[in-house]
Amino acid sequence: MPLLHGHFPGNPLVPGALQIEWLMELLPADAGLPVVENAKFLKPLRPPVEAELALLPTSNGWSGTVSSSEGLHCVVRFVGGVDGLATVDGAGRQVSEAVSR
């Protein structure tokens, strides 16, 4: 995986943002764009370990995990969602509204 080549030379690991993206790809198409309420990275996920992804619905979002034969690597809680994208400025401040679900 080319992304891992520089993350980190001689000691590669799968970035946490990539693990979250993998879980978001499991969300149903009508889920909108959820917000990551909480993410915990419990141990590094190092290639070439094969990861197992799980995503379960909760009362107001989804709970996702990334695990492998080495144990649990990541736990993410997604909440809500939006039907469109909000616009943010360079400082991360929202400058236009998104429709909450």
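Let's start with a word we'll need for the helix: a residue counts as buried if its relative accessible area is under 20%, as exposed if it is over 50%, and as partly exposed in between, using a 1.4 Å probe and protein chains only. Helices and strands here are DSSP runs, numbered from the N terminus: a helix is H or I with at least four residues, a strand is E with at least two.

Okay, what are we looking at? This is a predicted model, where local features need pLDDT of at least 70, side-chain atom pairs count only at pLDDT 80 or more, and totals for chains, interfaces and linings use all residues. Residues are numbered from 1 along each chain as its sequence is written, and side-chain values use heavy atoms, with hydrogens and water left out.

First, the overview. The protein has 1 helix and 4 strands, and from the N terminus the order is α-β-β-β-β. It has 101 residues, and 25% of them count as buried. About 6,500 Å² of the protein is exposed, and 57% of that comes from carbon and sulfur atoms. Those areas come from the Shrake-Rupley method with a 1.4 Å probe, and for residues only the protein chains shown count as cover.

Now the sheet. In which order do the strands sit? The order is β1-β4-β3-β2, in an open sheet of 4 strands with antiparallel pairing. At the edges you find β1 and β2, each of which pairs on one side only. Averaged over neighbouring strands, the turn of one against the next is 15°, direction ignored. By pairing I mean that DSSP finds at least two bridges between two strands.

Let's go through some of those pairs. β1 and β4, which covers residues 71-79, run antiparallel and are joined by 6 bridges. Within that pair, A39 stands opposite V76, and N38 has R77 as its bridge partner. On to β3 and β4: they are antiparallel too, with 8 bridges. One example there is G61, whose partner in β4 is V79. These two strands make a hairpin, with 2 residues between them.

Next, the helix. α1, residues 16-24, lies across β1, β2, β3 and β4, and it runs at about 60° to β4. For that angle, axes are lines fitted to C-alpha atoms, for helices over the stretch in contact, and angles run from 0 to 180 degrees between N-to-C directions. Which residues of α1 are buried? They are L18, Q19, I20 and L23. The buried residues of the helix pack against β1, β2, β3 and β4. As a reminder for anyone new to helices, an α-helix has 3.6 residues a turn, so residues three or four places apart point the same way.

Here's a residue I'd like you to click on: H73, in strand β4. Is H73 buried or exposed? H73 is buried, because its relative accessible area is 0%. Leaving out residues up to four places away in sequence, H73 touches a whole list, including Q19, F41, L45 and V66. Contact here means heavy atoms within 4.5 Å. The side chain of H73 also has a polar atom 3.2 Å from the backbone oxygen of K43, and there is a polar contact of 2.7 Å between the side chains of H73 and S68. A polar contact is a pair of N or O atoms within 3.5 Å; within protein, one must be able to donate a hydrogen and the other to accept it, and residues adjacent in sequence count only if both atoms are side-chain atoms.

So who is S68? S68 lies in strand β3, and S68 counts as buried because its relative accessible area is 15%. Beyond its neighbours within four places in sequence, S68 is in contact with L45, V49, E50 and H73.

Now for charge. Side chains of opposite charge can pair when their charged atoms come close. How many salt bridges do we count? The count is 1, where a salt bridge means a side-chain nitrogen of Lys or Arg within 4 Å of a carboxyl oxygen of Asp or Glu. The pair is R77 and E37, with the closest N and O atoms 3.1 Å apart. It links distant parts of the chain, since R77 is in β4 and E37 in β1, 40 residues apart. R77 is partly exposed, with a relative accessible area of 24%.

One last stop: P47 and P48 are joined by a cis peptide bond, with omega about 10°. You'll find P48 in the loop between β1 and β2.
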